[in-house]
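Please follow the account below with the structure open, moving from one side chain to the next and then out to the strands that carry them.

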Amino acid sequence: MSVVIALGFALSFPIATFAQTAVSQRLLASSFSLTQSNIQSRIWRDQVPDLLKFQRDLQAQVSPSMPLVAEAFSATFTINGRRIVISVLNGNCGSTPVENMRTCPARLAEIDGDHVRIIKDWPMFAISSVRGERGYDASSNAQTRFMTVATYDPATKQLSFADVVDGKKDASANSVTIP
């Protein structure tokens, strides 16, 4: 009898309770060192020499104390035990007619210890953000009127993106199936 009661109790929960729900994260801006190993410098390994040259030239013109850093927007997801990072490099960006939006190179990477495997490479990825006090770094994350949000849906295995422009959210054309 107790087995029947337990079975009836278990079946009374909606099936959706056991389904995984979609997870969303804002792509946050941050600076990363061009002279030390870190996740961003490993994802953009082929770009670091040019970024470093540009920063050194800028350092020589502006100030010797200027840090040798680059800026990226990123979000990290754990998908089936794998660490997946979306990284949008704030370099070689193009302008768009939309306020506080530009297109920048982006990569989707799987990080396993020191190994980085690029899953997807976008030469022009739309990113929405307002420049902060110190640039497109952590100082630009305080506002929420302009931002890009990534959403992973485990049911479809899709990572999709939406841009918030002046407080209004619009789906982006960028999406990818996570293998």
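In this predicted model, Phe161 has a relative accessible area of 3% and is therefore buried, since the cut-off for that class is under 20%. Its ring partner, Phe125, counts as buried as well, because its relative accessibility is 0%. A pair of aromatic rings is described by the distance of the centres and the angle of the planes. For Phe125 and Phe161 the centres lie 4.9 Å apart and the planes stand at 90°, an edge-to-face arrangement. Phe125 belongs to strand S7 whereas Phe161 belongs to strand S9, which spans residues 158-165, so the contact ties together parts of the chain that are 36 residues apart in sequence. Trp122 joins these two phenylalanines, and the three residues make up one aromatic cluster. Over the structure as a whole, there are four aromatic pairs.

Strand S7, which carries Phe125, leads on to its neighbour in the hairpin. Strand S6, residues 101-112, and strand S7, residues 115-128, run antiparallel to each other and are paired over 11 bridges. One of the bridge partnerships can be named at the level of residues, with Met101 set against Ser128 of S7. Two residues lie between the strands of this hairpin, and Gly113 adopts a positive phi near 65°. Arg102, whose number falls within the range of S6, lies over the face of Tyr136, at 3.6 Å from the ring centre.

Strand S6 also takes part in a covalent link. Which cysteines are joined by a disulfide? The bond connects Cys93 to Cys104, with an S to S distance of 2.1 Å, and a search of the whole structure finds one disulfide. The linked parts of the chain are described as distant, with Cys104 in strand S6 and Cys93 in the loop between strand S4 (82-89) and strand S5 (94-95), the two cysteines being 11 residues apart. Why is the disulfide called right-handed? The torsion about the S-S bond of Cys93 and Cys104 is about 110°, and the disulfide is right-handed because of that value.

The two ends of this bond fall into separate accessibility classes. Cys104 has a relative accessible area of 0% and is therefore buried, while Cys93, at 28% relative accessibility, counts as partly exposed because that class lies between the 20% and 50% limits.

Note on methods: Residues are numbered from 1 along each chain as its sequence is written. This is a predicted model: local features need pLDDT of at least 70, side-chain atom pairs count only at pLDDT 80 or more; totals for chains, interfaces and linings use all residues. Side-chain values use heavy atoms; hydrogens and water are left out. Two strands pair if DSSP finds at least two bridges between them. Helices (H or I, at least four residues) and strands (E, at least two) are DSSP runs, numbered from the N terminus. A disulfide is a pair of cysteine sulfur atoms within 2.5 Å. Buried means under 20% relative accessible area, exposed over 50%, partly exposed in between (1.4 Å probe, protein chains only). Rings of Phe, Tyr and Trp (its six-membered ring) pair if their centres lie within 6.5 Å; planes under 30 degrees apart count as stacked, over 60 as edge-to-face and the rest as tilted. A charge sits over a ring if NZ of Lys or CZ of Arg is within 6 Å of the ring centre and within 35 degrees of the ring normal.
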